[in-house]
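Student: Please take one part of this model and go through it closely, strand by strand. I would like a connected account with the cut-offs stated.

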Amino acid sequence: MEDERAHILPEADSGTSENSRRNFLKQSTLLTAIALTPATAVKAAEAHVDEKIAGAFEKMPVKLEVNGINHSLSVEPRATLLDILREQLDLTGTKKGCDHGQCGACTVHVDGRRVNSCLTLGVMVNGKKITTIEGLAKGDELHPMQEAFIKHDGFQCGYCTPGQIMSAVACIREGHANSEMEIREYMSGNICRCGAYPNIVNAIQEVKEGGFKV
Amino acid sequence: MKVKETAIPGNHNLMPDDRTGKSALSRVDGRLKVTGKAKYSAEYNVKDLVYGVMVGSSVTKGTIKSIDTKKAENAPGVLSVLTYLNAPKIPGYQADNPSPKGPLKIFYNNQVYFNGQPIALVVADTFERALFASTLVTATYDTEAHQTNLLTNLDKGVSTRREDKDFVKGQANAWQSAPVKVDAEYIIPTEVHNPMELHAIIARWDAGDKVSVYTKTQGVKSSQRSIAQAFKLPPDNVQVTAPFVGGAFGSALRTWPHEIAAVLASKVVGKPVKLVLSRADMFTSVGYRPFTWQKVSLGAGADGKLTGITHEATGQSSVYEDFTEGVVNISQLMYACPNINTRYRLVSLNVNTPTPMRGPGEATGAFALESAMDELSYALNIDPIELRMRNYAETDPSNNKPYSSKFLAEAYKIGAEKIGWTERSQKPGTILQNGWHIGYGMAAGMFGAHRSSSTVTAKMQADGTLVLQTAVTDIGPGTGTAMASVATGVMDIPADKIKIVLGDSSLPPSPTQGGSQIAATVGSAVHDACTELKEKFKSMAGNTDPADYIKILKQQGLDHLEVTTTSKSGPEQGKYSMYSWSVHFMRVLVHPATGVVKIDKAISVADAGQILSPKTARSQMIGGTIMGIGMALMEEAVIDHRYGRLVNNNFADYHVPVQADIPQVEAYFVNKADNILNPIGAKGMGEIATIGVAAAVANAVYNATGKRVRELPITPDKLL
Ligand code: FES
Ligand code: FES
């Protein structure tokens, strides 16, 4: 017989409770914080009944500028930028391939720098400018990198593609696209299981050599 | 979907279309893919959506003693926690076929067959809440001793299917009495498809028992059938939509338990449920290329003519379901040899069921056979290409039938020239440049060229747009682009006047995308439908050239004209043997002090019949070669047999090729039509792109170092 955790995620709290935050709320209200907390919420927390109210306490306001549009959101601190983009803002161009910073499918620009949005909590980018694949083209006019990906067939299924393109643009901006070898090195955080690598390198080289403004 | 050819100046030429001399068609859905507008299964904005997260068993064999779901149920936002204790019975699981073996039945009983087997599904109003609550589910088990190691269980191999019975042509084990012999064992580890898109489903159960799903599948029709069967619904009650699939390579050939669970959950909670597998789930939920042991024995005369081939293989499957594949078939089919015998065995282990992965069976078998052929070439001191030519099969060695087409010799020639084969030294380990050993290797591949039935609707609209509709999916190879390419040829209209509609179970039927049959099958149906449509226009126009479709429609007072045509193979099937062929050439660098292997140059050449869409075909071939390089050098799912649990179920520890691993892979095509197989002359390409690659790499490593690695992947430790 074994008693084992039945999931891959590490245990949040090895103590007796499943939710230390609400326990904290309960204990602190019982001690000194009663004056600061609405009485109904105290009761709710003590009785473990109204989880909705407790849940509301767990949300935080976040302001994001995404592709030039301002959003005022209320998010849980544990929500990743990736999930906020995909699930709350319906910007599904940014892809989830691993959720662990290991594949690059979720690459977006934060204040112009490429980041893995799955490793970035929404609350970490409060007040920042985010650019996703949906914000790269100017209306109907594609970004040169998007044009080059079509021309060189830098994809097959297309799932890694938004991340590749966002990474590729940043790669040139960073000054890391000076040779085929350098591009390969600096694009190695973006996995393409369809194996479009040579075509992707060719697309990036062409945009770089063409002197396009990226 | 309008495709604009870019005006970017540059020196990277497009591959010209050999048939027309014009530059090749770009991917018809390219614009949607580069702008993030292509929607994959988890990306539909469905109202009232709730989220599911799976909980897997933490033990490898036994029974669930208790599951505690209370904490999870009390967590914020949780709507339901399904387990075998409370899940409604799935009608299709109830025994009208009490066969002891079959697909895993989710939430069926307390049995645990493998580590990570789903034991609960948590549904909550947000993904974060479902994920958190899933960590609160605990279970206790009565565990039993498990078996996950194929190599310590080889003696338990059994023959499970009639198709897998021992094969003998001429005399068995004739290699033993040959003057020159090779007799060696080869091992491939478990490899996982790992498409970049996580398997995902959005399922909605509506009033009147109507089910709609967006799911990752290679076949919307087969998903429709499977879901209908599980819930005992008429197939028409089930709508499956999958216009974009983010890669699959075989992993989405069937309907998996998590899909059934999501449909069930949506019925239980009365809301649409989105279930996205985690990357870790991908290692235990959607199949893999099975760990396989092989032994190949070759006998030849001093002239290099094979006198005997013996190929044995033992693969693995789960304890609840048999999965077999054609590992040894390639040895029956590849070379002209009077005496061939093969044997295939299967061992049931406490693992999940494998599923075909790109070049299923054949890629595994080709690693062994083509490595052994290389070993034989050194034993005979005959060039490996020359050895293959001396044993070249002009007719099918298994039944003496003529081939519908075979241009493998041409492919050898093209590949040898492109890689610079004359630079190769027949003596291994002799070329050292800049501190690296250089080696050349080659290996061939083959796969059945199939054509099945497909129905296509071709509809010319008043504005001159041609709409092509069929239920096939496009998981990445460029099916839509190939369809457009065929249609432009027949209808003589530009590709940007063609609209392709795919991946919807309500469309006319087409087969599941798999087994390298779609270009030939659907391409032919597009050809036939367009030809018929054009004839219709022709008769309307009084048998004049029907080029101005808009005008004819106007004259006839029609707002559109359409035909629906079913197209399939005919009597040619019995008369000929039909295969696609490939050869892969590698130049590798091996670092003597560290054992690091770098692919310096990779050339793949295919005889895949007439190439329909040169640009996407080239990408498909390159992609298959890269997957083969992964198989050769890095991919290995490792189980800690003490616990029966995977230790590298993520992209940091399970390595797939990345940019830095891959040079400018080149792909070439013989590009000769197979006019017997189908009206468009196309043969399949998806599998042969990968089949043979791993052996080509291993053979090049041997040529570079004199070290023969017979156990994949070829990691540095094996070369030191
Ligand atoms: S999803 Fe973020 S790196 Fe993979
Ligand atoms: S295009 Fe499919 S993963 Fe890159």
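Tutor: Strand 10 of chain B pairs with strand 11 (residues 238-241) of chain B in the parallel sense, over 4 bridges. Here two strands pair if DSSP finds at least two bridges between them, and strands are DSSP runs of E with at least two residues, helices runs of H or I with at least four, both numbered from the N terminus. Within this pairing B:Val211 stands opposite B:Val238 of strand 11 of chain B.

The model is predicted: local features need pLDDT of at least 70, side-chain atom pairs count only at pLDDT 80 or more, and totals for chains, interfaces and linings use all residues. Residues are numbered from 1 along each chain as its sequence is written, chains are lettered from A and ligands numbered from 1 in the order in which they are written, and side-chain values use heavy atoms, with hydrogens and water left out.

Strand 10 of chain B also pairs with strand 9 (residues 200-206) of chain B, in the antiparallel sense and over 6 bridges. One of the bridge partners is B:Lys210 in strand 10 of chain B, which is matched with B:Asp206. Strand 9 and strand 10 of chain B form a hairpin with 3 residues between them. In that turn B:Gly208 has a positive phi of about 75°.

Which side chains of strand 10 (residues 210-215) of chain B are buried, and which are not? Buried means under 20% relative accessible area, exposed means over 50%, and partly exposed lies in between (1.4 Å probe, protein chains only). B:Val211, B:Val213 and B:Thr215 point to one face and are buried. B:Lys210, B:Ser212 and B:Tyr214 point to the other face and are not buried. In a regular strand the side chains alternate between the two faces of the sheet. B:Val211, the residue opposite B:Val238, is thus placed on the buried face of strand 10 of chain B, whereas B:Lys210, the bridge partner of B:Asp206, points to the other face.

Elsewhere in chain B, 5 strands form an open sheet in the order 16-17-22-23-26, with mixed pairing. The edge strands are strand 16 (432-433) and strand 26 (666-669) of chain B, each of which pairs on one side only. Strand 17 (residues 436-448) and strand 22 (residues 579-590) of chain B run antiparallel and are joined by 12 bridges. Among the residues involved, B:Gly439 has B:Val588 in strand 22 of chain B as its bridge partner.
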